[in-house]
Amino acid sequence: MDFISILSIFVMACFVGYYVVWSVTPALHTPLMAVTNAISSVIIVGALVASAAGALGGSATSKWLGLVAVALASVNIFGGFAVTARMLAMYKKKDRPAAK
Amino acid sequence: MHEAVAVNPWAMLPYLVSGICFILALRGLSSPASSRNGNRFGMAGMALAIVTTLITHAPGSSQRVCPIAADCWTVFTVDWISAIEIAGAIIIGGGIGIVTARRIAMTAMPQLVAAFHSLVGLAAVLVAIAAYLNPQAFGILQPDGRDIFQSSRIEMGLGIAIGAITFSGSVIAFLKLNGTMGGKPIMLPGRHIINLATIAAILILVGLFHLDTPGLFWAIAILSFAIGFLLIIPIGGADMPVVVSMLNSYSGWAAAAMGFTLHNSAMIITGALVGSSGAILSYIMCRAMNRSFISVIAGGFGGDSGGAAGGEAKEQRPWKRGSAEDAAFLMSQAEQVIIVPGYGMAVAQAQHALREMGDVLKAQGVTVKYAIHPVAGRMPGHMNVLLAEANVPYDEVFELEDINSEFAQTDVAFIIGANDVVNPAAKTDKSSPIYGMPVFDVNKAKTVLFIKRSMGGVGYAGVDNDVFYQDNTMMLLADAKKMVEEIVKAMAH
């Protein structure tokens, strides 16, 4: 992809992000932060490329840095989605009266 | 040597799909009912991105073999050691992540999010360094194989700078939120000049990064770590919600910058989403405190509670003290009670007792509503999570704009652990530091019950509150949790 097509994706995604995030209900702003945290760990893609490249005879340092980054991003991905799921499971409607 | 592993054109497609999944994940958060499905979309998108990368960049080497001259094919040998190492890294990281996510207390959510931000930042830095050391693997080497594309260099420079700022900034934010480091702003002399100079230096270095000067890359990294640290230390505890949102935004931009380097649409889309999300949250937080983003960044506002209280001698004004029995009686007689919880409620862990009180009142036919200020708690939406954890149904919880007009028709406003967000000075007193901040009109309610530890303490902003001295206000001086429990007991009689 050339720079201009990447830039177009980026700019469009910023607009999508703007409208999508304004539609998030304020009650869910903490889960929003937790889930954005998890998805920003998509940077693991870069980390995987670096770790896998070790076999190609590339730099060994690069490979180990990649592996550490894979581990860090995994903490975030698994932790982020799990904690979001845990929070979202708590939001309940009034359907079950607690004290009757 | 092998040819540079360029991104397979077909791999673009799954990355795009995973980008769309992430958009749907955020879209789901528009209501609690659709949010759980949204989260599943997020997980699916992430799984897709990871699997795609593992397939297109499988650890191993491909070789063109031609046993018979006319018949050639590619043989791919998997490098199992690398594969196991990668799997190990994912399992170790994922294990730590899941255990932390299960164990963490909901009150500690701001620290956790700050800690997670720091990991994204650090991962971005490591990936940028890895790409710098092994550009061939990332397909960012010029065709002659001698140098990294100039545009890629600038993107990488930005990636490492934003990543490093996110990392060191989040570490400081974590330490402050966790209480390891005092919430008081730390003011260095001449910090504005130091900060601006450092930022200018980073930008210049990123601009110069196309020159192949060794050391430039590391200089950017070190300066960026420093600026992240310098930017956050002067910011006080009360402004932390803005800081956490801002770092959320940075972690997104870091991912986007690396997406530009790797020409990866999933990373770019995600980066843009997360970046705008954090920016919007910072804006909402600033608006809710009536402070400009610049003044928050400049720092120095709001230390630990009561820090700013000393000095000015206030004239003694009369106020009424109530007991748990009085409060129980007033609320049982009411038609509608609006509860205004603040961070003090979370500190006292009173949310479960509070919900119990709400249940008793509802059983007696009283309408109970919760009013949440955007800056209640230590991060956006924090109070909503705490109430949800205590099993408060989300349709009883209201935002500032939706409920503020109802106080005039409300019998009892029950304020627990909040102070600045109910201070009428924000509307009337132009000299007040919180002037202009949107507040709850609790003074319009027939009766105000105000739980507070003591009369001495003031809110984060360090201002006195006229609501204390109103004729219709009853102060309940005690630990929030104990007081609510006593009220519940008194109601049972």
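**View 1. Exposed face of helix α17(B) in a predicted model**. Lys482(B), Lys489(B) and Ala492(B) are exposed (over 50% relative accessible area, 1.4 Å probe, protein chains only) and sit on the face turned away from the buried side of α17(B). Helices (H or I, at least four residues) and strands (E, at least two) are DSSP runs, numbered from the N terminus.

**View 2. Buried face of α17(B)**. Ala480(B), Met483(B), Val484(B), Ile487(B), Val488(B), Ala490(B) and Met491(B) are buried (under 20% relative accessible area). These residues line one face of the helix, because they fall within an arc of 165 degrees seen down its axis; the arc is taken from the directions from the helix axis to the C-beta atoms. They pack against α11, α13, β6, β7 and β8 of chain B, contact meaning heavy atoms within 4.5 Å.

**View 3. The open sheet of chain B**. Its 6 strands run in the order β5-β4-β3-β6-β7-β8, with parallel pairing (at least two DSSP bridges between two strands). β5 and β8 of chain B each have a single partner strand, so one side of each lacks a neighbour in the sheet.

**View 4. Pairing of β3(B) and β4(B)**. Residues 336-341 and 367-372 of chain B pair in the parallel sense over 4 bridges. Ile339(B) stands opposite Tyr370(B) in β4(B).

**Notes.** Residues are numbered from 1 along each chain as its sequence is written, and chains are lettered from A in the order in which they are written. In this predicted model local features need pLDDT of at least 70 and side-chain atom pairs count only at pLDDT 80 or more, while totals for chains, interfaces and linings use all residues; side-chain values use heavy atoms, without hydrogens and water.
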